[in-house]
Amino acid sequence: IEIATHLPDLRTTIFPILYPVLLRLSAFVFGNYDFAAQLLNIILILFLFAFVKSKDFYWKEIWILFTFSSLQSIYPMIWSETLFLTIIILYSFYNFTFLTKGISSKKFIIINSFLLLLMIITKYSSIFFIGINFIFISYLIIIRNKKIAISYLLSMIISLLLFSVYFACNYILVGSFMGKRGVESDFDYLQYFFVSLKNIPLTYDPFSISIQRI
């Protein structure tokens, strides 16, 4: 919200720009950031449900997955995760469609590069999708599917160029690529690691987090 209120004056890049921009636009219409954020979350989830249903893209499985308590806890929050999950579903759909020969290579390269850009300007951790693409390209070369490998390689190169431009703009405007992050000197990394391990099964069980809270 702080980033959104200062736009178009960008003062920090600790969070990517897309979600704050959407917040700013929503708040401009409704005049209240809390209400605008909740409405934005509702619109994104309804769009996601409607999209997978209209495309008949594993919609039953996705609807069930998105009712798990681990994801329900995200929806009321003013976080970029709701937007990010929506983009991931779009990314999965268009990759699936391309791999099942539902769209042309040219169209896939454009859409895939654009979606990867949307990911990186929503959450910086999306940079790992580039690594995943590189691994997948290596697999395609091994199984000698060079035509699809070339499409993924071109998309990855375009995405890297777009990422570089975005990070360069961040550096020029604010002086850092992704913002200055830091943790307290007494932060217990070992405890954090074991708590994270404990929470992994809760993410896959649709009821555990709700039961744990009760």
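This section describes the aromatic contacts, the principal pocket and selected local features of a predicted model.

Aromatic contacts were examined across the whole structure, and the search returned 20 aromatic pairs. One of these pairs joins F49 and F66, whose ring centres are 6.4 Å apart; the ring planes meet at 85°, so the arrangement is edge-to-face, a class that requires an angle over 60 degrees. The two partners come from distant parts of the chain and are separated by 17 residues. F49 belongs to helix α3, which spans residues 33-54, whereas F66 is placed in the loop between α4 (59-65) and α5 (69-72). With a relative accessible area of 4%, F66 falls under the 20% limit and is therefore classed as buried.

Aromatic residues also assemble into a cluster, made up of F47, F51, F57, Y58, F93, Y94 and F96. A contact between a charge and a ring was found as well: K53 lies over the face of W59, at a distance of 4.7 Å from the ring centre.

The end of helix α3 and the loop that leads on to α4 were then considered. S54 is a residue of helix α3, and its relative accessible area of 56% places this serine in the exposed class, because the value is over 50%. A polar atom of the S54 side chain is positioned 2.9 Å from the backbone oxygen of F51, a residue that is also a member of the aromatic cluster. In the loop between α3 and α4, D56 adopts a positive phi of about 50° although this residue is not a glycine. D56 has a relative accessibility of 57% and is accordingly counted as exposed.

A positive phi at a residue other than glycine was also computed for K101, with a value of about 65°. K101 is located in the loop between α6 (81-99) and α7 (105-120). The relative accessibility of K101 is 77%, and the residue counts as exposed. A further backbone feature concerns the peptide bond from L7 to P8, which is cis, with omega near 5°. P8 itself is situated in the loop between α1 and α2.

The largest pocket encloses about 390 Å³ of space. Its lining comprises 18 residues, and those nearest the pocket centre are F15, Y19, I78, W79 and S80. Two elements, α1 (2-6) and α2 (18-30), each supply two or more residues to this lining. The largest share is provided by α2, which gives three residues. Classified by residue type, the lining of the largest pocket contains 11 nonpolar, three polar and four charged residues.

Finally, a polar contact was identified at S155 in helix α9, which covers residues 146-174. The side chain of S155 makes a polar contact of 2.9 Å with the side chain of N112. S155 has a relative accessible area of 0% and is thus buried, whereas S54 is exposed, with a relative accessible area of 56%.

Key. Residues numbered from 1 in each chain as written. Predicted model: local features only at pLDDT ≥ 70, side-chain atom pairs only at ≥ 80, totals over all residues. Heavy atoms only, no water. Phe/Tyr/Trp six-rings, centres within 6.5 Å; stacked < 30°, edge-to-face > 60°. Helix = DSSP H or I, 4+ residues; strand = E, 2+ residues; numbered from the N terminus. Buried < 20%, exposed > 50% of the residue type's maximum accessible area, 1.4 Å probe, protein only. Lys NZ or Arg CZ within 6 Å of the ring centre and 35° of its normal. 1 Å grid on protein atoms, 1.4 Å probe; cavity = no way out; pocket = protein on both sides within 12 Å on 5 of 7 lines; lining within 4 Å. Points joined across faces, edges and corners; volume = space filled by probe spheres on them. Nonpolar A, V, L, I, M, F, W, Y, C, P; charged D, E, K, R; others polar. Polar contact = N/O pair within 3.5 Å; in protein donor to acceptor, adjacent residues only side chain to side chain.
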